[in-house]
Structures are given as structure tokens and as C-alpha cells.
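Subject: Structure for your review

Dear colleague,

Please find below the structure that I am handing over to you. My notes on what was found in it follow directly after it.

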Amino acid sequence: MKDSIRFLVLWVGTKCTLRCKNCCNLIPYAKPISYNVQNIMDNLAYVTKDVAVELLQIQGGEPFTHSQLDEIIVSCALNQNIKKVEIASNGTVFPNDRTLKILKEYEDKVVLRLSKYTCVESRQRDVDMYLQKQGVKAVHYDFMFGNGLWFDSGDISQNYNGNQMEVKEIYRKCANRSCWVLANDYMAVCGKVINLLEIKGGKPDENNIINVSACRESNLSFREVLQRFDRKYIEEVPALCGYCKIQNEYIEPAIQISHS
């Protein structure tokens with residue numbers, strides 16, 4: 001029985017200060033909202049009730065756009081089934097005073113990570129200096145392979161590939177296939193699939209997406225839900241994976257979409 005998750009991403013919403021064309025989660029193409037804080041905490045508490053999380057990474061879009069991020073951080077920090085918490089920020093938003101206080105209070109368990117984006121270097125320097133003055137530690141992240149580049153997973157204009165064998169090959173080679181994501185009511189091993197559900201349409205059960213809120217309200221054991229999900233995911237690759245491309249090319253990170 002699966003009773004732990006090595007890495008879980010927690011979205012607090014889809015608001016972001018950047019509009020990255022090749023965002024692997026397609027955040028610029030989703031409706032920009034901050035998720036209800038109580039729903040976030042209730043679903044996370046349900047997931048972690050009998051499933052431990054080694055590393056929980058809080059994302060947004062940009063997490064510091066959420067006005068109640070401090071409450072979410074505290075809930076994660078006090079959760080005994082979460083070993084470590086990381087906040088992934090693009091370094092363009094100054095945290096509010098409540099959040100700064102919480103970051104310092106729980107610095108033994110909570111790490112703030114700033115991704116290196118050349119398109120906002122000046123803004124990041126200002127935010128970084130402010131954090132240092134406030135006594136908040138931050139680590140700097142140079143992306144998955146430490147070379148300052150992203151993998152190209154395609155953008156929203158990517159044509160759909162409906163060939164099941166080719167879709168399975170895309171999934172097999174995907175660098176993000178084990179990146180569990182809890183986004184509002186849904187959980188899947190890929191954030192892109194969750195946003196594609198809204199953008200391109202489809203049904204959660206056709207794409208191996210767990211409706212966490214529905215499972216919680218039905219009082220199901222999440223460990224058992226996750227076990228069934230694991231088996232299904234091995235056998236049935238989500239149809240929406242057909243909108244992705246095999247990730248074998250490096251690209252410059254955070255290429256911005258024109259605002260015009």
C-alpha cells in the first residue's frame with residue numbers, strides 16, 4: 001500500500017506576475033485566481049492524513065500573490081506528515097509582513113526558493129535585498145539541471161497527438177511525470193494536465209485526475225485512492241498528454257508572451 005509521496009506540489013492559485021510562453025503548467029493560459037484557503041488546507045489535510053510527504057513545494061503561479069499565504073505556510077509547517085516545505089517564487093513580489101514573520105518563525109522546516117529569471121533580474125535583486133534586511137533566508141534555483149535552461153514541453157498551440165502509442169512514449173520520456181500536483185480540487189502527476197482540463201476540455205476520470213474534494217467528502221481512504229490511481233496511471237496514460245511534446249530540447253527560460 002502506497003503510504004508516502006516523495007515530492008508534492010501544492011498550487012495556491014494561478015495568479016502570476018510573469019507570462020512565460022513555455023510555462024510547463026500553462027499558467028498564463030489559465031484563469032488567474034487565488035484558491036480558497038480553507039479548501040486548500042482541508043484537501044491537503046485529507047491527502048496527508050495517511051500519506052506522508054517528504055517534500056511539499058508551494059507554487060502559484062506566483063505564491064506571494066495569495067493574500068493568505070501565511071496561513072497556508074503555517075498549516076503546512078505544523079503538519080506532522082509533511083517533512084519539509086519549500087516555497088517556489090519567481091522573486092518579483094515582496095512578501096507581506098505576516099508572511100515574513102512566518103518564514104522566520106518556521107525557517108527550520110520552510111525554505112524559500114527564488115528561481116533565476118534573467119527577464120526580471122533587477123526586480124529579483126530588490127526583493128532579495130529586502131528579504132535579507134528582514135532576516136529571511138532564500139536559496140537561488142538555476143532550474144532542474146543547473147544550467148539555467150528549461151526543457152521545452154510545447155506551448156498552448158501544440159497540436160494534439162491522438163496516437164496512444166506515441167502518447168505513451170511522450171509520457172515515458174517526460175521529465176515531470178512524477179511531479180505530483182495538488183491544485184484546488186484536483187490531484188495528478190502533472191500540473192499541465194490539470195490546466196489542460198480547463199483549457200482544452202475533457203473529463204477528470206479520462207485523464208487519471210483525482211477529484212480530491214469529492215473523495216474527501218465521500219470519506220474515502222486517500223491511501224486506497226492513491227493506490228488505485230497508481231495502477232491506472234501505469235496502464236492508462238492520460239489522453240491530455242497528447243498535447244505535450246517529447247522533452248528533448250533546452251530553451252531559454254521565461255520567454256514572455258507579448259501583452260499586446
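The structure, which is a predicted model, holds zero disulfides. A disulfide is a covalent bond between the sulfur atoms of two cysteines. C119 takes part in none, and the nearest cysteine sulfur to it, that of C20, is 6.1 Å away. Because its relative accessible area is 41%, C119 counts as partly exposed. C179 is likewise in no disulfide; here the nearest cysteine sulfur belongs to C24, at 7.1 Å. Neither the 6.1 Å of C119 nor the 7.1 Å of C179 is within the 2.5 Å that defines a disulfide.

Aromatic contacts

A search of the whole structure finds seven aromatic pairs. One of these is formed by Y117 and F143, with 5.5 Å from centre to centre and 50° between the planes, a tilted arrangement. This pair links distant parts of the chain, 26 residues apart. Y117 lies in the loop between strand 4 (110–115) and helix 4 (121–133), while F143 lies in the loop between strand 5 (138–141) and strand 6 (150–151). Y117 counts as buried because its relative accessibility is 11%, and F143 counts as buried because its relative accessibility is 6%.

Y117 also pairs with W150, and this pair is edge-to-face, at 6.2 Å centre to centre and 90° between the planes. The pair of Y117 and W150 again links distant parts of the chain: W150 is in strand 6, 33 residues apart from Y117 in its loop between strand 4 and helix 4. W150 is buried, as is Y117.

Together with Y141, the residues Y117, F143 and W150 form one aromatic cluster. Y141 has a further contact, with a charged side chain: R113 lies over the face of the Y141 ring, at 3.6 Å from the ring centre.

The second largest pocket

Which residues are the closest to the centre of the second largest pocket? They are Y35, Y186, I194, N195 and E198, out of 13 residues that line this pocket. The volume of the second largest pocket is about 200 Å³. Helix 6 (residues 191–199) contributes the largest share of its lining, with four residues. By type, the lining of the second largest pocket divides into seven nonpolar, three polar and three charged residues.

Yours sincerely,

A colleague

Definitions and conventions: Residues are numbered from 1 along each chain as its sequence is written. This is a predicted model: local features need pLDDT of at least 70, side-chain atom pairs count only at pLDDT 80 or more; totals for chains, interfaces and linings use all residues. Side-chain values use heavy atoms; hydrogens and water are left out. Rings of Phe, Tyr and Trp (its six-membered ring) pair if their centres lie within 6.5 Å; planes under 30 degrees apart count as stacked, over 60 as edge-to-face and the rest as tilted. Helices (H or I, at least four residues) and strands (E, at least two) are DSSP runs, numbered from the N terminus. Buried means under 20% relative accessible area, exposed over 50%, partly exposed in between (1.4 Å probe, protein chains only). A charge sits over a ring if NZ of Lys or CZ of Arg is within 6 Å of the ring centre and within 35 degrees of the ring normal. On a 1 Å grid over the protein atoms alone, a cavity is a set of points where a 1.4 Å probe fits but cannot get out, and a pocket is an open set with protein on both sides within 12 Å along at least five of seven lines; lining residues have an atom within 4 Å of a point. Grid points are joined across faces, edges and corners, and a volume is the space filled by probe spheres set on the points. Ala, Val, Leu, Ile, Met, Phe, Trp, Tyr, Cys and Pro count as nonpolar, Asp, Glu, Lys and Arg as charged, and the others, Gly among them, as polar.
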